Amino acid sequence: MSTPTEAWFDDPLVRPYAVTGGRTRSSQRGLDLITLVVAMRTPAEVADLQPEYAMALQVCQQPISVAEVSAKIDLPLQVVKVVLSDLIAQGHLIFRSAAPTNEAPSQYILQAVLDGIRRL
């Protein structure tokens, strides 16, 4: 429970909910763990960003995966997806999803990986 001197938004369970405005799903389809995002602007170029949005924009100055953004700004993955989705919708970020694979890896490749792991 919070002490009287702590603000309600300092609670680790409340803060992510407040950051996303109560949303639990991103509006941007295609954002998964390995989706790469990159900033089109710096946080200094964008006025009135919430601190979490500014942090996300800062770490996205170079191409980075959604999972790495989550780790670097220390927010849950679903919260980061909502934040990144908002930044994409505002034109501050662009993204590229991994190409879908239509075929399973060959038996030869899988056997080679398994053999390599066994040698470790």
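Which residues in α3 meet which residues in α4? In this predicted model, where local features need pLDDT of at least 70, side-chain atom pairs count only at pLDDT 80 or more, and totals for chains, interfaces and linings use all residues, the answer starts from the helices themselves. Residues are numbered from 1 along each chain as its sequence is written, and side-chain values use heavy atoms, with hydrogens and water left out.

Helices and strands are taken here as DSSP runs, numbered from the N terminus, with helices being H or I over at least four residues and strands being E over at least two. Contact means that heavy atoms lie within 4.5 Å. On the α3 side, Val66, Ala67, Val69, Ser70 and Ile73 meet Leu77, Val80, Lys81 and Leu84 in α4. By class, this contact of α3 with α4 has seven nonpolar, one polar and one charged residues, where Ala, Val, Leu, Ile, Met, Phe, Trp, Tyr, Cys and Pro count as nonpolar, Asp, Glu, Lys and Arg as charged, and the others, Gly among them, as polar. The axes of α3 and α4 come within 9 Å and cross at roughly 110°, the axes being lines fitted to C-alpha atoms, for helices over the stretch in contact, with angles that run from 0 to 180 degrees between N-to-C directions. The two helices α3 and α4 are therefore roughly perpendicular to each other, a term that applies from 65 to 115 degrees, whereas angles under 35 degrees count as roughly parallel, over 145 as roughly antiparallel and the rest as oblique.

Burial in α3 was examined next, with buried meaning under 20% relative accessible area, exposed over 50%, and partly exposed in between (1.4 Å probe, protein chains only). In helix α3, which spans residues 66–73, the buried residues are Val66, Val69, Ser70 and Ile73. These residues cover an arc of only 100° around the axis, which puts them on the same side of α3; the arc is that of the directions from the helix axis to the C-beta atoms. Ala71 and Lys72, on the other side of α3, are exposed. The buried residues of α3 pack against β1 (36–39), α2 (51–59), β2 (64–65) and α4 (77–89).

A similar analysis was made for α2, in which Glu52, Tyr53, Ala56 and Leu57 are the buried residues. They cover an arc of only 135° around the axis, which puts them on the same side of α2. The axes of α2 and α4 come within 10 Å and cross at roughly 75°, and α2 and α4 are therefore roughly perpendicular to each other. This contact is made by Glu52, Tyr53, Ala56 and Leu57 of α2 together with Val83, Leu84, Asp86 and Leu87 of α4. Its residues divide into six nonpolar, no polar and two charged.

The strands form an open sheet of three, in the order β2-β1-β3, with antiparallel pairing, two strands being paired if DSSP finds at least two bridges between them. Strands β2 and β3 (93–96) stand at the edges, each with a single partner strand, so one side of each is left without a neighbour in the sheet. In general, strands of a sheet pair through backbone hydrogen bonds, either parallel or antiparallel. Here β1 and β3 pair in the antiparallel sense over four bridges, while β1 and β2 pair in the antiparallel sense over two bridges. Leu36 stands opposite Arg96 in β3, and Leu36 also stands opposite Ser65 in β2. Along β1 the side chains alternate, in that Val37 and Ala39 point to one face and are buried, while Leu36 and Val38 point to the other and are not. Ser65, which has its place in strand β2, counts as buried at 11% relative accessibility. When its neighbours within four places in sequence are left aside, Ser65 is in contact with Leu33, Ile34, Thr35 and Leu36.

Two loop residues were considered last. Most residues other than glycine have a negative phi, and most peptide bonds are trans. Asp48, although it is not a glycine, has a positive phi of about 60°; Asp48 lies in the loop between β1 and α2 and, at 80% relative accessibility, counts as exposed. Asp74, which is likewise not a glycine, has a positive phi of about 55°. Asp74 lies just after α3, in the loop between α3 and α4, and is exposed, with a relative accessible area of 68%.
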